[in-house]
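Thank you all for coming, and please have the sequence and the structure open while I talk. I will go slowly, and I would ask you to find each place for yourselves as I name it.

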Amino acid sequence: MSSTTKAIPVSLKIDRNDINFSTSVGGTLYGTTPGGTKIVYDRNTLLQYRNSPLSKTPPPELAHLTEAMRSKKPIASTPTKPVNPPQPTPTKPTDEEMFQME
Amino acid sequence: MTSKNEVECLVEPTSSEETTTTTTTTTNNETEQQQEQSEEHSLDQNLIKHPLQNRWSLWYDYQSGKINQENWVDSLKKVITFDSVEDFWCVFNNLPNVSNLKQGSSYHLFKEDIEPKWEHESNRKGGKWVVMVKDKSRCDNQWLQSVMACVGETFDSSEDICGIVYNSRKSGDKISVWTKTAYDEKVTKDIGSYLKKVLEIDATITYTPHQDSIRSSKSAKYLYDV
């Protein structure tokens, strides 16, 4: 049995400047410093995650804090007058609307 | 044959109205579940927590009277620690605004292993940049911007940052950034300049080593200004 061997095709001109190993696939999700691995988020990136469903739950520890803030003698503040509720504007359907179905 | 059997099976329960109703409900539930699942899939990208470089702890303290060294430590309490962008927002989306802090209270946001005290090893040779909050209407935003710069590690020498403090005081609110090495002029000044950029202020700000503040808090002289 003779086996035919072939050289694995390899491009001899390996010059891939298009690969940047310091960025993650699909962009710089996690920025890194040149020689290091510092995880950096600029202002806009942080704000982008502000409304994620994972960013909303109030941690129970904060409830304790707000309680502690309230329990101590509060600084005298001028009582705020209740703002007059906006006058409800009666919205009666106009005749036109009511009989539009015809 | 098989198909006939299936048909029979399907047809049989329909004779009883109750069964039909149950079957329909189940089908509806399943559809809803499937919808939910597909929604979750589309949100998958948002449901990954993004890690921060450091773990950060939020501390709170309140002094009704004159502040002295002993009672200050008693009132200082660690509130919470977080280490991801999402958990950071869980805290800061729900934390009472600094504009609502009563006079005499402070927030301290420090790297988890550093206590917000002068005596702590990481602070002993350090100091702080102090920014007076001139315009109270901007304080919430200025505090948030500077906090984001800390947890996002956008300071060039962010490893030199220990933490950031907001003081609500009768004499005027202050934002202070605490750093590790007061003697390193370049690193310290770079942090000060960047802080001004973040806070969008032009006024000169000053840096005081903690050592000087300990000796005399009133007449402490600043070491640098930018």
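I will begin with the contact between two chains, then turn to one serine, and end with a strand and its partners.

Please keep in mind throughout that what we are looking at is a predicted model.

Let us start where the chains meet, and ask how many residues each chain brings to the contact. Chain B contributes 37 residues, while chain A contributes 30 residues. Together, chain B and chain A bury about 3,100 Å², and 66% of that area lies on carbon and sulfur atoms. If you look for the three residues that supply more of chain B's buried area than any other three, you will find B:His50, B:Trp89 and B:Lys102, which account for 16% of what chain B buries against chain A.

Which elements of chain B can we point to on the side that touches chain A? At least two residues come from each of strand S1 (51-62), strand S2 (77-84), helix H4 (85-92) and helix H6 (139-151) of chain B. Sorted by kind, the residues on this side of chain B are 21 nonpolar, ten polar and six charged. As for specific pairings across the contact, the count of salt bridges between chain B and chain A is zero, whereas 13 residue pairs, with both residues at pLDDT 80 or more, are in polar contact.

Now let us move to a single residue, B:Ser146, which you will find in helix H6 of chain B. Is B:Ser146 buried or exposed? Its relative accessibility is 1%, and because buried means under 20%, B:Ser146 counts as buried. A polar atom of the side chain of B:Ser146 lies 2.9 Å from the backbone oxygen of B:Gln142. Leaving aside residues up to four places away in sequence, B:Ser146 touches B:Ile164, B:Ile175, B:Leu195, B:Val198 and B:Leu199.

Finally, please look at strand S4 of chain B, residues 127-132, which is mostly covered, since five of its six residues are buried. Which strands pair with S4(B)? One of them is strand S6 of chain B, residues 174-179, which pairs with S4(B) in the antiparallel sense over six bridges, and there B:Met132 has B:Lys174 as its bridge partner. Strand S7 of chain B, residues 206-209, also pairs with S4(B) in the antiparallel sense, over four bridges, and in S7(B) you can find B:Tyr207 standing opposite B:Trp129.

Key:
Residues numbered from 1 in each chain as written. Chains lettered and ligands numbered in written order. Predicted model: local features only at pLDDT ≥ 70, side-chain atom pairs only at ≥ 80, totals over all residues. Heavy atoms only, no water. Contact = heavy atoms within 4.5 Å. Buried area = accessible area lost by both parts, 1.4 Å probe. Salt bridge = Lys/Arg side-chain N within 4 Å of Asp/Glu carboxyl O. Polar contact = N/O pair within 3.5 Å; in protein donor to acceptor, adjacent residues only side chain to side chain. Nonpolar A, V, L, I, M, F, W, Y, C, P; charged D, E, K, R; others polar. Buried < 20%, exposed > 50% of the residue type's maximum accessible area, 1.4 Å probe, protein only. Pairing = 2+ DSSP bridges.
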